[in-house]
Amino acid sequence: MRPLRVAVLASGRGSNFEAIAKANLPIELVGLFSDKPSARALELARAYDIPAVALDAKKYTDRKTFDREFFARVAEAKPDLLVLAGFMRVIDDGVIAQWHGRAINIHPSLLPKYTGLRTHQRAIDARDVVHGASVHFVTAELDGGPVIAQVELDIRDGDTAESLAERSLPMEHRLLVATVDGVARGRIALGAHGVLFDGAPLNRPLRLDAERKLVA
Ligand code: GRF
């Protein structure tokens, strides 16, 4: 099996990137790409000997020009899969359409609930008792593409956005690593009518079992 060529896109801390870099997956990390030159994710990539590329979004007057240049740089690395891991941008429709079925994103909520920002606080404000994280295929709609896999966590009395984020992060890492593994092994794909797992359509998101393996 040829290792899947994976590019990770990150704007900040890069803990999800590091989880992928540390995991023993059948992939080749071909680059870490950031829209923020100060992102810690870039330092992490260099520490892991992975090419780190930053294009400063602030230096561009319009989104489309930035997105075109940024994704052209990404394409030069010839990735099979883009993993958006804390990549805090809304991407131009035409640009992201070129990666249809080849880009996934980790989002800290049980989609379709709470697309966008401040997801932990919004779950608390809504008095939800269950919260979680999702990995989905990326489409032009913000956090709106087909959901591949989810993890759930209980919201406890006294939880704050910070405490929820802290408990949710290691679960995000496990979910993202397992999903990248599933794509790399050809088990997960985007079909014409939604997500396919081992060739069969999914009617609900995959979950992690006790051994951190994805199950339907
Ligand atoms: C994660 O919570 C991810 O779900 C959200 O941004 C955060 C990124 O964290 N979209 P990190 O940069 O991977 O540490």
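What follows walks through the pockets, one buried histidine and a small sheet in a predicted model.

The pockets come first. Rolling a probe the size of a water molecule over the atoms shows where empty space is left. In this model, the largest pocket holds about 740 Å³ of space. Its lining is made up of 34 residues, and those nearest the centre are Gly86, Met88, Ile106, His107 and Pro108. Several elements chip in: helix 1 (15–22), strand 5 (103–107), helix 5 (119–125) and helix 6 (161–184) each bring at least two residues to the lining of the largest pocket. By residue type, that lining splits into 15 nonpolar, 13 polar and six charged residues.

The second largest pocket comes in at about 330 Å³. It is lined by 15 residues, with Val177, Ala178, Asp181, Arg212 and Lys213 sitting closest to its centre. Here helix 6 is the top contributor, giving six residues to the lining. The breakdown for the second largest pocket is six nonpolar, two polar and seven charged residues.

Next up is His120, which belongs to helix 5. With a relative accessible area of 12%, His120 falls under the 20% cut-off, so this histidine counts as buried. What does His120 touch, once its neighbours within four places in sequence are left aside? The list runs to Pro108, His131, Ala161, Leu164, Ala165 and Ser168. One of these partners, His131, also makes a polar contact with His120, side chain to side chain, at 2.8 Å. As for the backbone, the C-alpha atoms of His120 and Gly132 are 8.9 Å apart, with the two residues 12 positions from each other along the chain. Pro108 turns up twice in this account: it is among the residues nearest the centre of the largest pocket, and it is in contact with His120.

That leaves the sheet. Three strands make up an open sheet in the order 8-9-10, and their pairing is antiparallel. Strand 8 (188–191) and strand 10 (200–201) are the edge strands; each has a single partner strand, so one side of each goes without a neighbour in the sheet. Strand 8 and strand 9 (residues 194–197) run antiparallel and are joined by four bridges. Within that pairing, Gly191 has Gly194 of strand 9 as its bridge partner.

Methods: Residues numbered from 1 in each chain as written. Predicted model: local features only at pLDDT ≥ 70, side-chain atom pairs only at ≥ 80, totals over all residues. Heavy atoms only, no water. Pairing = 2+ DSSP bridges. 1 Å grid on protein atoms, 1.4 Å probe; cavity = no way out; pocket = protein on both sides within 12 Å on 5 of 7 lines; lining within 4 Å. Points joined across faces, edges and corners; volume = space filled by probe spheres on them. Nonpolar A, V, L, I, M, F, W, Y, C, P; charged D, E, K, R; others polar. Buried < 20%, exposed > 50% of the residue type's maximum accessible area, 1.4 Å probe, protein only. Contact = heavy atoms within 4.5 Å. Polar contact = N/O pair within 3.5 Å; in protein donor to acceptor, adjacent residues only side chain to side chain.
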